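Student: Please take one residue and look closely at its surroundings. Then work outward to the rest of the model, keeping to what can be checked against the coordinates.

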Amino acid sequence: MRRPGQGMPYPYNQGTIVEQYLIFNQLNYPIISVLLLLPLIGAVLGLLFKSDKAQLRWGLGVTVATALASLPLYTQFDRTTALYQFVEVRHWLPALGLDYAVGVDGISVLLVLLTTLVMPLCVLCSWSYIKERMREFMFVLLVIETAMIGVFVSLNTLLFFLFWEAMLIPMYLMIAIWGGARKDYASIKYFLYTFAGSIFFLASIIALYVQTGSFFIPELMEHSFSFTFQAWIFLGCALAFAVKVPMFPLHTWLPAAHVEAPTAGSVILASIMLKLGGYGFLRFCLPMAPEATWYFMPWLIGLSLISIIVGGYLALGQSDIKKLIAYSSVGHMGFVTLGIFLLNDQGIKGAMLQMINHGITTGALFILIGIIYERTHSREMSVNRALGAMMPVYVLFLGIFSLSSFGFPGTNSFVSEFLVLLAAFSKYPLVGALAIVGAILAAAYMLRLLQSMVWADSDGHGHHDDEQGNGHILKDLNAREIGTLSFLTIFVFWIGFYPTPLLEMMDVSVTHLIDQIGDGLNQAGDDNLHHAFSSWGNKMTGLLTTLKP
Amino acid sequence: METMLFLPELLLILLALVCFVVSLGKNPRTALLQGAVITFSILALLVTAANYQHSGTLFFGAYQIDQLSQLFKLVLCAGLALIAWATPGLRGIEKRLHPEYYLFLTVSTLGLVMLSSAVELLTIFLALEISSYALFVAIPFRQPMNGRQQYEASLKYVLFGAAASGLSLFGMSYIFGLSGTTYLAELSPLLPGLISSQPLAVAGMILLLCGFFYKLALFPMHFWTPDVYQGAANETTTFIATLPKIGAVILLLRLISLAGVDISQLSWALGILAVASMTIGNLSALVQNDIKRLLAYSSVAHAGYLMLGIIAGSTLGHAAAIYYAVGYLLMNLACFFVLYHLSSDNRNLKLDDLNGLYRRAPLLAFVLAAGIFSLAGIPPTIGFTGKFVLFTSAFQQGLYGLVVLGLINAAISIFFYLKIIRAAYLTNTDADSSAVSINLSSKLLGLGLIFAIILLGVLPQQLLALAKAAVAYL
């Protein structure tokens, strides 16, 4: 029914997956399997290296190789179609109708690229930060990379879930082994929140399978389910993704996890893992439960606004720099979910671009915090003051990424937040006005951070004491750190001034997605927030009555 | 031909006799005995495998051999061999009692093997008692260094076991009184009608099942579990925690499928028991510090998960229950294997005793991690695939409430499973703790367990197909 365009020849016709799902691979080699296997094999082989230096070089080599291997996804990507590309299908469990099916479309391809490009930086920022159990660290890091890429490329719900859960243990270990003082608390909290969320996601996967007999995502998107079924699926999935994003009131694991995680862990969490939540909404909730999406839209918009404002407000009050950035993430990701649930072209594109931008900017900010922490052993704003004179290069980068973080024109976040705000104002001016408050808060806390770290009044001595109380001069960035940050800076300005190539990549897929959910317009009443709110109680009661066996 | 079908049981009886003869001597050699147990159980396994496709009835129809019983016999014989392999030296058992100890394990396994073939109520009862009584005797064999908790454990096991057997027998009397037969084959056409018309039949069935709830440690027959796990020697607990549960599963499958396709009369009662079992097991496990007690409560919870498949009642549900039982055997064996090797002085281990395990014994730590993650149901282990199939089968039958409650329970359980992982991997070694060394054969077993837990989790179709073929004989 909602079938886009004319199909390309389908090269992997193996029986269960038929031509009707319109998928293809334009390359003559299985690029996505390569991306999945490179880090995994690298992780296992890396166990052979004994010395820390060799570990780091190996990890860097593997992640860079993966990044290079992923470039054809950008260059060869067909921007004129919403079909799944680079697809591979292999039988795995014929008894359950389960296949190894991977591929990307305009929604996932940028996130895969973000993952492969950020991972080398995670190795670089661990160069001197990680001091113990380097071999295990590299193993964990590379396994996480495979799992994250796996989530973005899975075209099979169970495969998606397997990768989703596979991230859980290594990330838990990363926080729990290499974390800070309260690592026990933070890691357990992270694990419990995520696992509790994903349990309901598993229930939704089972429900979809029982209803349709299929795990194949493109096939599930074609089904039209009853409203009740959609509503349950939506709630089950949304819980898992809302924890991951994280959306108020499920956000409390994030500051704890961010603050305690090592720099690489924070970067992975902020740059990529939070995006899995947004991606999940786009891949599962919207296309599979369109009517429910329209129905729950007001609530998710409301929660997104609360996330934006509460995140910004809490960030304003932090004295720990890392915590400040963590809360700012809650606010920025609020823009992502807001954009998604405005359910129009600009909103979703803005949300997807915001995911990329948040990955770049917040990742860079966490790297910057890691750098200063290595030098002063503190993340307190009051300790890390007046760095302008001592570390000019550091301060330059801090300035760039802080401006980018609150969406200064000319930087990347400006484009995406602008798109989301545009969508909000064109649809619900009140929502736009409230989101603006969040944007202003972002400017306030980032400028406060900048003011304190760069220009604050230094009374001349004692600020950067070492353990013996002797003041000393802090070293500015070395070549490795400059390289890491410069790489990200390129993207800040590239996306800031010329986002068109990225928008082009997602364009057709987003249009297709809007097509899929567009039907909801008639059912829930697009402009009638009041109606949706007032009928909420009745429909909820109706939903609950379906629980009875 | 008929002797061939009964050969596995005969081999186990022979093994029991060998143990008995050895027990008459002065200085038993444990390693030789262990070898004999492993050899005989593998022989029994091979014989069963060779006769896998054959079926027949023995002893006036009271004893039936079909693919279902053969599958369970395979699992039970393999289980006995693995348990003997996992606990070399029987450090926790008094030296002079080693032959008797193996004797009673063998007899208990024999009872379970008979249970998997028994299709007549009195035969079932007899087999059940054979398997229980042997354990009543084996539990107090623990070295008397830990006070008297093994006697307490044994007494609890006896008292609860006797009460459960009594209830079971009482239930049988109702069933017999209503139907006039004790043969399952004759019961199966009568029972669905009786259950829908006579409340007494429902009561009789539930009472009858109590004996097996006791074996499976399902609420409300679970109270013995933590104390018995704690009081018994580590090697005895390894046995109690694994094989009797397999035996209970087959009888629950046989008896509940008797009630017919529409078991809604029974399923609400069983559903409540399953949910109560999961919830009580998981909540109680949260606060445990003794690892064996923790695993005991976790086994109560797992009995609840397993019941989901049995309640679902479909082919997939039954197959899922069998698959999960096999997985449960493997993952529990992995955990107890590690506990046995860690506890060099036969103590009960606390969570703190696992500290720094990843440095002291990397392989054991990894085996433990595989077992625990599998119990927690995290992919790609057999525990995840098993839970997935169980929940899918329950979902297909529209048991949404049970599935949701089961999933919530799975989320709760993560917390205490993680406590074990955290102790083993994330804490540092105390100064006085030394490396744990294990010999080559134990290393092989450890690697094999990891391999099996992951391989059967990733590629479940062969085992599931076997289980599906087996449940066709119900």
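Tutor: Take B:Ala321. Setting aside the residues within four places of it in sequence, B:Ala321 is in contact with B:Val249, B:Leu253, B:Leu306, B:Gly309 and B:Ile310. Keep in mind throughout that this is a predicted model. B:Ala321 sits in helix H14 of chain B. B:Ala321 counts as buried because 29 other C-beta atoms lie within 10 Å, and the cut-off for that class is 20 or more. Not every distant part of the sequence comes up against this residue: B:Val47, 274 residues away along the sequence, is 25 Å from B:Ala321, C-alpha to C-alpha.

The next step is the helix itself. The largest nonpolar core has 399 residues, and those touching the most other members are B:Ile322, B:Ala334, B:Ala424 and B:Leu449. Helix H14 of chain B, residues 315–342, contributes the most to this core, with 22 residues. For B:Ala334, again leaving out neighbours within four places in sequence, the contacts are B:Val367, B:Ala370, B:Gly371, B:Leu449 and B:Ile453. One of these partners, B:Leu449, is also among the core residues that touch the most other members.

For contrast, consider B:Ala31, which lies in helix H2 of chain B, residues 30–50. B:Ala31 is exposed, because it has 9 other C-beta atoms within 10 Å and a residue with 12 or fewer falls in that class. Its C-alpha atom is separated by 36 Å from that of B:Leu58, which is 27 residues away along the chain.

A helix pair elsewhere in chain B can be described by angle and distance. Helix H3 of chain B (residues 67–86) and H20(B) have axes that come within 7 Å and cross at roughly 135°. H3(B) is therefore oblique to H20(B). From H3(B), the contact uses B:Gln67, B:Leu68 and B:Leu71, while H20(B) supplies B:Leu466, B:Ala467, B:Ala469, B:Ala470 and B:Val471. By class, the residues of this contact are 7 nonpolar, 1 polar and no charged.

H20(B) leads on to the other chain. Between the two chains, 24 residues of chain B are in contact with 23 residues of chain A. Three helices of chain B each supply at least two residues of the side that touches chain A: H17 (382–396), H18 (400–425) and H20 (461–471). The largest share, 11 residues, comes from H18(B). That side of chain B divides into 18 nonpolar, 5 polar and 1 charged.

Across the interface, chain A has 21 helices and 2 strands. Of its 549 residues, 58% count as buried. Among contacts in chain A between residues at least 6 apart in sequence, 80% join residues at least 24 apart.

Chain A also offers a helix pair to set beside the one in chain B. The axes of helix H7 (residues 183–212) and helix H10 (residues 253–260) of chain A come within 8 Å and cross at roughly 135°. H7(A) is therefore oblique to H10(A). The crossing of H7(A) past H10(A) is left-handed. On the H7(A) side the residues are A:Lys183, A:Tyr185, A:Ala186, A:Lys189, A:Tyr190 and A:Tyr193, and they meet A:Trp253, A:Ala256, A:Ala257 and A:Glu260 of H10(A). By class, this contact has 7 nonpolar, no polar and 3 charged residues.

Methods:
Residues numbered from 1 in each chain as written. Chains lettered and ligands numbered in written order. Predicted model: local features only at pLDDT ≥ 70, side-chain atom pairs only at ≥ 80, totals over all residues. Axes fitted to C-alpha atoms, helices over the stretch in contact; angles between N-to-C directions. Helix = DSSP H or I, 4+ residues; strand = E, 2+ residues; numbered from the N terminus. Parallel < 35°, antiparallel > 145°, perpendicular 65-115°, else oblique. Left-handed = near helix turned anticlockwise from the far one by under 90°. Contact = placed C-beta atoms within 7 Å. Nonpolar A, V, L, I, M, F, W, Y, C, P; charged D, E, K, R; others polar. Core = buried A, V, L, I, M, F, W, Y, C linked by C-beta atoms within 7 Å.
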